Each structure stands twice: as C-alpha cells, then as structure tokens.
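Student: I have a structure open and do not know where to start. Can you walk me through it?

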Amino acid sequence: MRYISENVVPALELCILNISMKDLALQTCDNITTIRWLAQHGLIANKLVCKKCRHPMLLQARKGKKVVDGYIWACSKCNGNKSIRFGSFFDRSHLSLIQILEIIYLWSLERTQVEASKQTGVSIRCLRDWYNFIRDICARYLTDNPLEMGGSDRTVEINETKFMERTNRRGEYKPGQWVLGMIERKTNVAMMVPVDNTDAATILPVIAQYVRAGTRIMTDRWTDYSALPRQELTNREYTFVASEDSANSVKDSWDLWKAKFTAMRGNKDLNFNSHLQEFLWRRRIKDNFFGNILYWIRHYYDVFNLVKFDF
Ligand SMILES: [Zn+2]
C-alpha cells in the first residue's frame with residue numbers, strides 16, 4: 001500500500017477530539033490499528049517517497065527485533081526502507097506506539113510519573129523522558145504564542161515568590177527558584193516567569209516583555225521600581241502603585257496559582273522550568289489536553305512536509 005489511511009483528518013479536528021481512554025485503547029488495540037490511527041490523525045506520515053530514487057514507498061509487514069511496529073516503509077526500486085515513525089514525534093524510541101500514546105493520554109490527565117509508570121509498565125526513567133518531551137511541546141507553544149497583558153486603563157498586579165525545593169535524601173540544601181507572577185485584574189490573564197533575582201534591574205525587563213505600556217502596575221515594592229530612572233524602563237512607561245490590601249480577588253487567584261502549580265509539580269522533580277511551561281500551557285489551553293497536545297505535536301512534527309510529491 002502506498003498510504004496508510006484513506007483519509008487524514010484536518011489538524012483542527014484534533015483540538016476537539018474527545019476520546020475516552022477505553023475508546024482509545026479499542027481503536028489502538030494492535031500495531032496496525034495504532035499505525036492507522038496515528039496516520040489518520042496526521043501524527044505519522046501517511047505516505048512516503050524514497051529519498052534516493054523518488055519512488056513512492058510501500059507499507060510492508062516486517063518481522064524482526066529492529067522493527068518494533070511490525071511495519072516499515074519499503075522502496076520497491078532500490079530496496080531502501082524507512083521506519084514508519086520517520087520524522088514524527090515517535091521517532092527514535094524503543095517503546096511501542098501504543099505505549100507512547102497511552103503515556104500522552106495519562107499525561108493529559110495529569111497522572112503522576114509514578115502512576116503512569118505503573119499503568120503502562122514503562123520504567124520511571126523512560127517515562128520521565130517522555131513527560132519531558134511532551135513538556136517541550138508546551139514550551140515551544142509558549143515561545144511561539146507570546147502573551148501580552150495590560151494597556152491603558154488596565155491594572156496588572158506583580159508578585160515575586162520563591163518556590164522552595166525540598167532538600168534531597170542526603171540532606172543537601174537546594175536554593176529554590178524565584179518566580180515573577182503577573183496577573184491582569186478583571187481578565188485574570190496571568191504569567192509566571194522564573195527569575196534569578198528580584199532586583200529592579202532583573203524584574204523590569206521581564207515586565208517590559210509581557211506588560212504593555214500605559215499599564216498601572218501594582219506591587220508591594222513600588223518604591224524600588226518607581227525610583228529607577230525612566231530610561232531603565234526600555235521606553236515603556238508604567239505607573240507603579242502600592243498594592244491594596246483590599247485587592248483580595250487578585251491575591252486569591254495568585255495564591256490559587258501557586259497552590260495549583262505546587263500541587264501539580266510536587267516538589268521532588270527539580271525540572272522546575274519544564275513544569276512551569278506545562279502549567280502555563282494548561283492555563284492557556286484550558287481543556288481537552290489530550291486532543292490539544294496532539295494538535296501541537298502535529299504542528300511541530302509536520303509529517304506532511306516529508307512527502308515532496310503527491311502520488
Ligand atoms: Zn528507492
């Protein structure tokens with residue numbers, strides 16, 4: 001066969017993909033159904049052209065230790081072959097496609113690495129790698145879709161918090177991580193950025209990156225920031241005002257953010273920034289994390305680009 005699936009769903013359909021874990025398991029019960037499911041959803045190449053002789057490749061069943069998926073792309077002209085995972089998010093892994101899909105599903109449900117390891121039978125070490133690969137997708141999304149908040153007539157509350165790291169088993173001290181939190185009042189648009197210090201020289205460029213000029217910025221340290229010469233504000237102008245104690249709504253949502261993030265991350269895993277990217281991604285995406293992460297995987301691993309000619 002020159003293609004795997006007769007139809008490939010449009011990318012946007014992934015965002016609204018609503019599938020239970022049971023249905024996913026039914027639709028991906030063996031190698032070939034999983035391969036078809038992935039090709040149908042644009043997550044692996046549906047067809048491939050031989051790089052050497054430009055011949056369309058054929059999907060062939062193949063046995064052997066090296067062929068994890070039971071199928072490969074083979075060229076009938078030059079005997080060349082390629083993994084069916086070629087160019088995809090699933091490339092270069094010894095796990096089965098079923099296992100990887102299951103891991104993505106469990107990640108989308110916010111299962112811990114320990115829970116996901118038990119359920120899939122995949123080692124914690126390998127599972128941690130996959131959770132990190134998924135979080136890399138979140139990080140790329142956030143870089144490519146930068147958030148801006150504030151503007152004239154708007155107020156952004158900023159807050160510096162240190163997230164403590166638990167000391168490790170040997171009792172060694174870990175320094176913790178400063179995070180600058182910014183929340184726009186009324187809309188609750190929010191951002192958290194890890195920072196090395198909390199001095200004005202460090203904080204102000206971060207604010208300038210996310211908060212529009214003309215914004216009223218509320219902070220406990222307004223005297224520190226407003227005392228700076230104007231040129232330090234990289235040509236953006238803000239009005240700094242002292243936080244109001246009555247600003248309970250903002251305080252509540254900031255505390256809620258901190259609590260949620262701490263709960264999600266636990267404080268065992270030291271990969272702070274990676275967890276923060278996941279947290280922010282979930283905040284932006286809001287729901288249907290399985291379909292949406294697949295959408296962004298498809299976006300960043302564009303398997304359609306692999307086919308230069310249409311046969
Ligand atoms: Zn060939």
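The dialogue below takes helices, sheets and loops in turn.

Tutor: One caution before we begin. This is a predicted model.

Student: Let us start with a helix. Which residues of helix H3 are buried?

Tutor: First the general idea. An α-helix has 3.6 residues a turn, so residues three or four places apart point the same way. Now the case. Helix H3 spans residues 31-40, and its buried residues are Thr34, Ile35, Trp37, Leu38 and Ala39.

Student: What covers the buried residues of H3?

Tutor: The cover includes helix H2 (21-27), strand S2 (71-74) and helix H4 (97-108). Look just past the end of H3 as well. Glycine 42 has a positive phi there, about 70 degrees.

Student: How do I describe two packed helices?

Tutor: Two packed helices are described by the angle between their axes and the distance between the axes. Take H4 and helix H6, which covers residues 124-144. Their packing angle is about 65 degrees, and the axes lie 10 Å apart. Angles of 65 to 115 degrees count as roughly perpendicular. H4 and H6 are therefore roughly perpendicular to each other. Their crossing is right-handed.

Student: Which residues make the contact?

Tutor: H4 brings Ile100, Ile103, Ile104 and Trp107. H6 brings Leu127, Trp130, Tyr131 and Ile134. Sort the residues of this contact by type: 8 are nonpolar, none is polar and none is charged.

Student: Now the sheets. In what order do the strands of the 3-strand sheet lie?

Tutor: To read a sheet, ask for the order, the pairing and the edges. Here the order is S1-S2-S3, in an open sheet with antiparallel pairing. Strand S1 (58-61) and strand S3 (81-83) are at the edges with a single partner strand each, so one side of each has no neighbour in the sheet. On average, neighbouring strands are turned by 40 degrees against each other, direction ignored.

Student: How many bridges join S1 to S2?

Tutor: There are 4, and the two strands run antiparallel. For one pair, find leucine 59: its bridge partner in S2 is tryptophan 73.

Student: What is the strand order in the sheet of 5 strands?

Tutor: Use the same reading steps. This open sheet runs S6-S5-S4-S7-S8, and its pairing is mixed. Strand S6 (190-195) and strand S8 (239-242) are the edge strands, each pairing on one side only. From one strand to the next, the twist averages 25 degrees. Strand S7 (residues 216-219) and S8 run parallel, joined by 4 bridges. Arginine 216 has threonine 239 as its bridge partner in S8.

Student: Which strands does helix H7 touch?

Tutor: Helix H7 (residues 200-210) packs on this sheet and touches strand S4 (155-163), strand S5 (177-184), S6 and S7. The direction of H7 makes about 145 degrees with that of S6. Helix H10 (residues 272-285) also packs on the sheet, touching S5 and S6. The direction of H10 makes about 175 degrees with that of S6.

Student: Last, the loops. Where is glutamate 110?

Tutor: Glutamate 110 sits in the loop between H4 and helix H5 (113-120). Its phi is positive, about 60 degrees, although glutamate 110 is not a glycine.

Student: Why does glutamate 110 count as partly exposed?

Tutor: Count neighbours. A residue is buried at 20 or more and exposed at 12 or fewer. Glutamate 110 has 13 C-beta neighbours inside 10 Å, so it counts as partly exposed. Asparagine 188 lies in the loop between S5 and S6. Its phi is also positive, near 65 degrees. With 15 C-beta neighbours inside 10 Å, asparagine 188 counts as partly exposed.

How values were computed: Residues numbered from 1 in each chain as written. Predicted model: local features only at pLDDT ≥ 70, side-chain atom pairs only at ≥ 80, totals over all residues. Contact = placed C-beta atoms within 7 Å. Axes fitted to C-alpha atoms, helices over the stretch in contact; angles between N-to-C directions. Parallel < 35°, antiparallel > 145°, perpendicular 65-115°, else oblique. Left-handed = near helix turned anticlockwise from the far one by under 90°. Nonpolar A, V, L, I, M, F, W, Y, C, P; charged D, E, K, R; others polar. Pairing = 2+ DSSP bridges.
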